[in-house]
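Visitor: Could you take me on a close look at one part of this predicted model, namely how strands pair in chain A? I would enjoy a connected walk through it.

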Amino acid sequence: MPPIFREIFSYTMKTTHRFIVLSSLAATAAFFAGCASEGVKNPSGVPVTQMNPDEQGYVAGTGVESQDLVTVTDKMARSILSTPAIASATTPPRIVIDPVENATRFPIDKSLFSDRIRIMLNSKATGRVIFLARERMKALEHERELKLSGQVTSSYDPTPVAFKGADFFLTGKLEGLTTKTSAGTSDYILYSFQLIDARTSEIVWEDSAEIKKQGLEDAAYR
Amino acid sequence: MASRAPALPRPGGCLKIMLADATYDSGRLTLRLFLRRGVVALLMLAAFESLTGCMDEVASRPAIAYTGDPIVDGNAERAAAPPKDRALWDDRIAATALRLGNFDEAKAKLDDAILQGGGIINNTADAAKARSLFHPEDTKAFIGEPYERIMDYYYRAILYWRDGEPDNARACYRTGQVLSSDVEKHEYKSDFVLLYYLEGLASEKLGEDASDVFARAQALTKRHLPPYNKDANVLVFAEYGHGPVKYAGGEYSEQLRFYTEESRIRSARLTVDGHKAWLPPYDNLNHQATTRGGRVMDHILGNKAVFKGTTDTVGNVALLGAVVAANQDSRQGNEAAVGLAAIGLISKIASAATTPRADIRTWDNLPQFLSFAALKLAPGEHSGQIEYLTRDGDPDPDLTREVTITVPADTSANTIVFLSELPH
């Protein structure tokens, strides 16, 4: 074999050796790295984390979440109390909650909103407004009938109707707008609430909150 | 120097011959031995790793004592399945529960499935694994293809109607439309007729004008959609035929494909108090599954398949080169043979470890056709008969069943009738 070819062959062999070593190491590292990464992130699980309901957790979507509920209902409760119809009322107005309408794309338990507004007003502004438990009317009427028929005792005369009428209706609506492109999904939600005068049908108070979220799913799910 | 060196024994030959050769420099011999042993050890390790995988992935499946009750057995399967398949079993059980009239069970399972797949899923370890070269796609948690996810919402909406929550039913239809829109083909619109038609019906029931949604629904089908009847108090949801089943195609099973079988049943007819209500096929899940554009994951699986094929070819070429070099009967040839064999084996192992297999977990008890009709019936009990009709319009007598519809005195609520050709 001519010397020049021997040199080339020798150089090639050295390179081959290096390549063998490097590729073997790389392959082994890749296999080990693959196993380590798949494995098990958080092998012992993730302990339960207590979070404030108004903070975003690591499990998130673009829909209605607890932090939105807290933000919106806090704002609405404060806003209702500052409205003249409530703030300057000589006697505490009686309010009936009319179910919130969900016009978004997210099925939700709508009563959460009106319930939290009611709880906030009852607990933080005791006595300034009174809510009527209309959703319990069936049980209340049944109780009254039992008292009227003498099947149960009564500490008052059950004959006259004592169920109070509403001065105002509190209601709301959730509306949404969704955009979906290859860049991700975006959801805008408008939360609007109204206080309606039961006698005149006038809207005496209205306020709203807007929340927009967007995100892009892992490529494995796109 | 090279010409003086004796030929190396062939790979796999007796080491003693090599050790006995006095012409070998001891340092080079040590290096060569180290290299050979090192390469062999690494290859064996890598092969072992690729063949066995990580031990934590192998989980024994508890034995199931089947009872014959599809819901009980489905729940047992769900309990025995890995967590990544939980939503799949939720879906299957929910469909069965709906058909058997166990609406509470259906609701619980659909809520769980929606909870798992309803948000924006990212930063999850199993999804990252599914994208990696060495794991199949079904490593990720199942949430279903768009048509399957839509059916979660479609079925859940029926239960919202039943609970007197048409606005939440409408929310389900709207999410279904978003899921149905095809972003991959850049056609951001859905072609699922009932999602629009029923959204409009819910809006009408809520006192809103739904003429635009009705027009959109009508534009999606050649069939004449019945105009909304706000006074209708009985909503009939019907389904017939068998839905799509996934299978894997392509050289490395990297392509997600659908097996569809055209249903013998092409429509249904509900007769109540002598009046006939037609239940034509408004939506076809086979069409929904097969006409949607590709997935991003298809590109990833395609790349995995290319990598698998390339490394396999490189392995073949290198191993063939190793054989040719080994036959040179020279030391250089043998050294080259060892090197090429090592490269070939590493490539072959990398190829064997690459798993581009597509996820073919299927919600396998879905129907092919979906239909709907709205009726106005007086409060009380009504006897009826459901017939499933073939392409020729003849009822299949084996599928004809008697139905009883009970309309409550409270006319504000809607009565829901769910009719399925599928047994469970």
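Guide: Happy to! A word on terms comes before the tour: two strands count as paired if DSSP finds at least two bridges between them. With that in hand, let us look at β4(A) and strand β5 of chain A, residues 184-197, which pair in the antiparallel sense over 14 bridges. Within this pairing, E175(A) stands opposite L190(A) in β5(A). The connection is a hairpin, with 2 residues between β4(A) and β5(A).

Now let us follow β4(A) to its other partners. Strand β1 of chain A, residues 94-97, pairs with β4(A), residues 168-181, in the parallel sense, and 3 bridges hold that pairing. Here I95(A) is set opposite F168(A). Strand β2 of chain A, residues 101-103, also runs parallel to β4(A), joined by 3 bridges. In that case N102(A) has L174(A) of β4(A) as its bridge partner. So that you can picture the side chains along the way, remember that in a regular strand they alternate between the two faces of the sheet.

To place these strands in the chain, chain A holds 5 helices and 6 strands, and along the sequence they follow the pattern α-α-α-β-β-α-β-α-β-β-β. Of the contacts in chain A with a separation of 6 or more, 64% are between residues 24 or more positions apart. Buried residues, finally, make up 21% of the 222 residues in chain A.

Methods. Residues numbered from 1 in each chain as written. Chains lettered and ligands numbered in written order. Predicted model: local features only at pLDDT ≥ 70, side-chain atom pairs only at ≥ 80, totals over all residues. Helix = DSSP H or I, 4+ residues; strand = E, 2+ residues; numbered from the N terminus. Buried ≥ 20, exposed ≤ 12 C-beta atoms within 10 Å, placed from the backbone. Contact = placed C-beta atoms within 7 Å.
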